[in-house]
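Please open the model in your viewer and keep the sequence panel beside it. The stops below tell you what to select next and what to look for there.

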Amino acid sequence: MTAKTTASGVPYDAQGDMADKDRRDAAMKGFVREFGAVAAAHLEACVRCGMCAEACHFYVATGEPAYTPINKLQPFEQAYHRHAGPFAPIYRLFGVVPSVTLEKLEEWERLIFDACTLCGRCTLACPMGIDIAELIKKARHGMFKAGLIPDRLQLMDRTARAWGSPATPADDFADIVREVGEEHGVDIKVDRERADYLVTVAPAELTEHTKALADAAKIFNKAGLDWTYHSEGFEASNIGYLNGDTELQEKMTRKIIDCAVKIGAHTLVLPECGHAYGAARWEAARWYNDKLPVRVIHMTEFLQEVVASGKIKVKPVGQTASFHDPCQLVRRGGVMNAPRDVMAALGLEMRELENNRALTWCCGGGGGVVSNTRADPIRYKAFELKKREVEAAGADRFVTACGQCRITLDLGAKHTKWDRKIENLLELVADNLAD
Amino acid sequence: MTLLEFARGPALQVAMIIFVLGATWRFFGALLLPWRLAPAEPRKGALSPIAAAFKGVVVKMWPHKPFQKAGMFTFVNGYILHFGLAIVVFLFAPHILFIKGLTGLSWPALPNNLVYTVGVVTMASLVAGLVHRLRSPVLRLISRFDDYLSWLLTLLPVLTGLLAAAHLGARYETLLAVHILSICTFLIWFPFGKLMHAFMFVFSRAMTGVRMGQRGAEL
């Protein structure tokens, strides 16, 4: 791994010792693999209207035109027209569309990884219906193949490949959750041979937010459900999904779903993590003949289920609250009402942020951006958008349902010396269980 | 062969052939690539793929509230331009006669003076669009040669049509020939530049509609 700078002064990271031509070719092959009819219809429909700019938190927060979402796709689009589009042979023959250079790829690394959280707000803004977030995710596949991703993400990738999690080795998982159970006085089920529910976790719950492990256990126990954590399939945060490493994405996906099948679970419960939902709920079936062998739900959907069914009762909190909608759960995932139903059950009076539900501003840290320290300056600027909305709403409590969002918002609060506590819905429910 | 005969004859024929073959090639060249939709169990109560595709096409006709302020010019000017072009092309009596000669189909025309007015408004909309593109740092950055050429080749038929109707600048036959030749250049360029969005936008919107529709997400 070596931190480098392009001739035009743009910092980038490169992994491996590929020759320049091989690196560029690897990116092109990775891009070309992604050019199906859906990507083509999107790339052929753009009229360069610029509507996507105003949807992007990084553009709005900085005013930097380079952060216009469609601009982040430039090398990907160029590769499409030169190598896969309907006129590609003519364009190549007459040099109408030049080859994407390695320098261009290096320069765009920061736009594809640092300046995009895959939040999809631009997709909502595009009058042509171009799913820009999806295309950027596809572009990341080629960048990963070329060894052109931020070093911090590559480090997490290697760790996840070696440990099965970017946070902790699988061998240590059972001990960690047992210790958390003892610390919080909760009976934690782990590595049971059979259970109806397999409950999975996110890295933040194994580091900063370990109480969430106990909170989930408390709720499952209270609901009287047959459940377990499991060392063979515990990590739902899919770093391959973020990095463009499809091989790792499949591996991480199979770990949790195969584990759920092995223990006879009918439901796999994902943690409070946005992109875990995108990876397991909406993309996993492609590795299982288009149909998952197990039901996959997010922790927020689970909370809604057990509250609505009366399996658990909650005490009214009796305050006002604002909710930060995690992009992958709400905008890209379609889980809009579940968190609000749970908050209503808690007796919280909603003070919605100006941009809420599908139109929410991203926390600024999704898509791996919070782990990529190179993006810190723009992430902090994007945080200001959320901060302003939270202050304007003026609620007593500020709640979300994604550990990564919470970390991003915590970091932003710390950076700007903002005295607000960011709470997770799971924690709020666990702390207010009625007897 | 006069210039008008050339424009009406071989020029228009060649342009039409390039337009039809080129647009068909590009259309199928894009849409016959492998279809790789991410399969997933749809959310309970989610729209059917057909309904979601339709919703995707319709919903995108107007921006969501947070994008209205910044995007109002783009949307309103876009509608003026597209409706203006449609009226001028399809509701001007001489154009209807021309189409009748080609296809046998005809329909009622709008009064000529009204169409001229619409033509002027359409031109103003094109000019405003260009000024907007040149003034915006974002649009300057993302614009390419295609954007400016497509703009010019859309403007020229409207401009030359108005000049021909007003008999301004040259003999009528010459003005008409230039008008037809400008349409030829428009048709020749159509399959190669962003003008193809006229066909592709439906599929782009529909595909996003299907993807987000199965998730029960907004479009």
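The tour goes through selections in chain A, then the contact between the chains, and then chain B. Please keep in mind throughout that this is a predicted model.

**First stop: the crossing of α1 and α4 in chain A**

Select helix α1 (residues 20–33) of chain A together with α4(A), whose axes come within 10 Å and cross at roughly 80°. The two helices α1(A) and α4(A) are therefore roughly perpendicular to each other. If you show side chains here, you will find A:Met28, A:Phe31 and A:Val32 on the α1(A) side of the meeting, with A:Phe76, A:Ala79 and A:His83 on the α4(A) side.

**Second stop: A:Pro69**

Now select A:Pro69, which sits in the loop between α3 (57–62) and α4 (74–83) of chain A. Is this residue, A:Pro69, buried or exposed? A:Pro69 counts as buried, because it has 30 C-beta neighbours inside 10 Å, and the cut-off for that class is 20 or more. Once neighbours within four places in sequence are set aside, the contacts of A:Pro69 are A:Cys52, A:Cys56, A:Cys122 and A:Ile132. A distance drawn from A:Pro69 to A:Gly50 should read 8.6 Å between C-alpha atoms, although 19 residues separate them in sequence.

**Third stop: helix α10 of chain A**

Select helix α10 (residues 170–184) of chain A and look along its length: at 1.5 Å a residue its 15 residues should span 21 Å, and the end C-alpha atoms are 22 Å apart, which agrees. Colouring by burial brings out A:Phe173, A:Ile176, A:Val177 and A:Val180 as the buried residues of α10(A). These residues cover an arc of only 95° around the axis, which puts them on the same side of α10(A). The spacing fits a general rule: an α-helix has 3.6 residues a turn, so residues three or four places apart point the same way. If you add α11 (211–222) of chain A to the selection, you will see what the buried residues of α10(A) pack against. On the other side of α10(A), by contrast, A:Asp171, A:Asp175 and A:Glu182 are exposed. Just after the helix, A:Gly185 takes a positive phi of about 65°.

**Fourth stop: a parallel sheet in chain A**

Select the four strands of chain A that form an open sheet, in the order β8-β7-β9-β10 and with parallel pairing. The edges of the sheet are β8 (349–350) and β10 (422–424) of chain A; each has a single partner strand, so one side of each is left without a neighbour in the sheet. Between strand β7 (residues 320–324) and strand β9 (residues 397–400) of chain A, which run parallel, there are 4 bridges. To follow one of them, go from A:Ala321 to its bridge partner in β9(A), A:Arg397. Then show helix α16 (residues 338–345) of chain A, which lies across β7, β8 and β9 of chain A and runs at about 160° to β7(A).

**Fifth stop: α17, α18 and the loop that follows**

Select helix α17 (residues 376–393) and helix α18 (residues 403–415) of chain A, whose axes come within 9 Å and cross at roughly 95°. The helices α17(A) and α18(A) are therefore roughly perpendicular to each other. Where they meet, α17(A) contributes residues including A:Phe383 and A:Lys387, while those from α18(A) include A:Leu409 and A:His415. Continue to A:Lys417, in the loop between α18 and β10 of chain A. A:Lys417 has a positive phi of about 50° although it is not a glycine, and it is exposed, with 6 other C-beta atoms within 10 Å.

**Sixth stop: where the chains touch**

Show both chains: 49 residues of chain A are in contact with 49 residues of chain B. On the chain A side, α2 (37–45), α7 (121–125) and α14 (274–282) each supply at least two residues. The largest share of that side, 7 residues, comes from α2(A).

**Last stop: chain B**

Hide chain A, and what remains is a chain with 9 helices and 0 strands. Buried residues make up 33% of the 219 residues in chain B, and its C-alpha atoms fill a box of roughly 65 × 35 × 35 Å along the principal axes. Finally, select B:His167, in the loop between α7 (145–166) and α8 (172–189) of chain B. Phi of B:His167 is near 55°, a positive value in a residue other than glycine, and with 10 C-beta neighbours inside 10 Å B:His167 counts as exposed.

Key:
Residues numbered from 1 in each chain as written. Chains lettered and ligands numbered in written order. Predicted model: local features only at pLDDT ≥ 70, side-chain atom pairs only at ≥ 80, totals over all residues. Expected span 1.5 Å × (residues − 1). Buried ≥ 20, exposed ≤ 12 C-beta atoms within 10 Å, placed from the backbone. Arc of directions from axis to C-beta. Contact = placed C-beta atoms within 7 Å. Pairing = 2+ DSSP bridges. Axes fitted to C-alpha atoms, helices over the stretch in contact; angles between N-to-C directions. Parallel < 35°, antiparallel > 145°, perpendicular 65-115°, else oblique.
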